[in-house]
Amino acid sequence: MSNVKDMSLADDGIMKIEWVQKHMPVLEHIKKVFEEEKPFEGITIGSCLHLEPKTVNLGLTLQAGGAEVAMTGCNPLSTHDDAAAGAAALGLNIYGWRGQSDEEYYQAIDNVLDHKPDIIIDDGADMIMHLHGKRQELLSNIKGACEETTTGVHRLKAMAKDNALKFPVVAVNDAYTKYLFDNRYGTGQSSLDAIMGTTNMLIAGKNFTVCGYGWCGRGVANRARGMGANVIVTEVDPIRALEARMDGFRVMTIREAVKISDIIITVTGNINIISGDDFKYMKDGCMLCNSGHFNVEINRNDLEEQSVSVKTVRESIEMFTMPDGRKIYLLADGRLVNLAAARGQGHPAEIMDMSFAVQALSAKYILENENNLKLGVMKAPDSIDDTVARLKLKAMGIEIDSITDTQKDYMSDWHAGT
């Protein structure tokens, strides 16, 4: 069963899926193992992820392992309709299309949950939240879940702290091979790609402000610097602010940054990063965008209330004219610019190869250990990280040394060196 925009797009979608498969060698290796072992035989897996070719490849990997797979999108503007149609043609149960209303978005989540999944794979925790709030009759079916994002992990840890989380969740986001690579290199490249493709503007020479210096912020800041931008960082954490300064970036408050910034990107996972009076001080022509999970970091309502007119001037770009004539531009409605913007393609396949390999192996880990897992949020096992890293190195043709027994003994002997 599927509900997609246009099944006539399936052939185009399948070509794009086949393209990313050639650049996701770790996941392809896991898929071959799953085909032989069938670890998910008789299991249903429901996912709420960005519906695009790389994500479909994860679904196909789980399907190869014997799972019935039902998927929907985790952002109303990030679905690739051709990939969704292609996935449906390849036997996955797909519910979603680009431009869903809020009602349609949650209906699609319900459509996936109607399959009564045993395992959930989420991105932002919307499906898990909906399950706990509106579909509690299904909670007893769930063996466990995987969460992909920093934002989702924060939400789920808050639930666990309040004893509201009713099944174990593996924080895939906290795996080294996820956040060190996906968050830093993936978000860095894909965000800059989307900004440049959407605006057709030069990055070099511009004042480029990054709000937040977590792993995603670090990636964006470094890629912007590589493009020749004068990078400014804003932070609330003193250690991260100091790190940004030591990394060579200017650090200042948002109020000061908006006065001189040509481009501002929020990457915090928090609410109202740019809001209220910030827009009154903003430089004429400033372009605003977000690469955090939800469209709450830039307060669009505040911006619209202060403007005298709003006009779409280019696909995925709105122009807000202020009373004094200044123009402020908002990209992709403040949603994830690297996926929601018209030119947003998401992270490179080589990056998502590692992230989705962790997802696939974490789902298998949940199934194998369901009787031993405790309620709450846990980090993906280090053994999964190690496996994914070694498979990635092998695919890249890289060999590394192995520690010797003598070296192991030395490192474990507290008398060593005395």
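The legends below describe close-up views of a predicted model.

**View 1. The whole chain, with its 17 helices and 15 strands.** The C-alpha atoms of the protein fill a box of roughly 70 × 65 × 45 Å along the principal axes. The radius of gyration is 22 Å, in agreement with the value near 22 Å that a compact globule of 418 residues would have. Buried residues make up 57% of the 418 residues, and among contacts with a separation of 6 or more, 69% are accounted for by residues 24 or more positions apart. The protein exposes about 18500 Å², of which carbon and sulfur atoms supply 49%.

**View 2. The open sheet of 7 strands, in the order β3-β2-β1-β4-β5-β6-β15.** The pairing in this sheet is parallel. Strands β3 (93-95) and β15 (376-379) stand at the edges, and because each has a single partner strand, one side of each is left without a neighbour in the sheet. From one strand to the next, the twist averages 20°.

**View 3. The pairing of strands β1 and β2.** Strand β1 (residues 44-48) pairs with strand β2 (residues 68-72) in the parallel sense, over 5 bridges. Within this pairing, Gly46 has Ala70 of β2 as its bridge partner.

**View 4. Helices α5 and α6 against the strands that they cross.** Helix α5 (residues 102-113) lies across β1, β2, β3 and β4 (119-122), and runs at about 175° to β2. Helix α6 (residues 126-133) lies across β1, β2, β4, β5 (144-147) and β6 (168-171), running at about 130° to β4.

**View 5. The surroundings of Asn57 in helix α3.** Asn57 belongs to helix α3, which spans residues 53-64. With a relative accessible area of 0%, this residue counts as buried, because the cut-off for that term is under 20%. When residues up to four places away in sequence are not counted, Asn57 touches Gln21, Met24, Leu27, Glu28 and Lys31.

**View 6. Strand β11 and its pairing with β10 and β14.** Along strand β11 (residues 287-290), Met287 and Cys289 point one way while Leu288 and Asn290 point the other way, and all of these residues are buried. Strand β10 (residues 263-266) pairs with β11 in the parallel sense over 4 bridges, whereas 2 bridges join β11 to strand β14 (residues 327-331), again with the strands running parallel. Leu288 appears in both pairings, as the bridge partner of Ile264 and as a residue whose own bridge partner in β14 is Leu330.

Notes
Residues numbered from 1 in each chain as written. Predicted model: local features only at pLDDT ≥ 70, side-chain atom pairs only at ≥ 80, totals over all residues. Heavy atoms only, no water. Buried < 20%, exposed > 50% of the residue type's maximum accessible area, 1.4 Å probe, protein only. Contact = heavy atoms within 4.5 Å. Pairing = 2+ DSSP bridges. Axes fitted to C-alpha atoms, helices over the stretch in contact; angles between N-to-C directions. Rg over C-alpha atoms; globule rule 2.2 N^0.38 Å. Areas by Shrake-Rupley, 256 points an atom, 1.4 Å probe, with all protein chains shown as cover.
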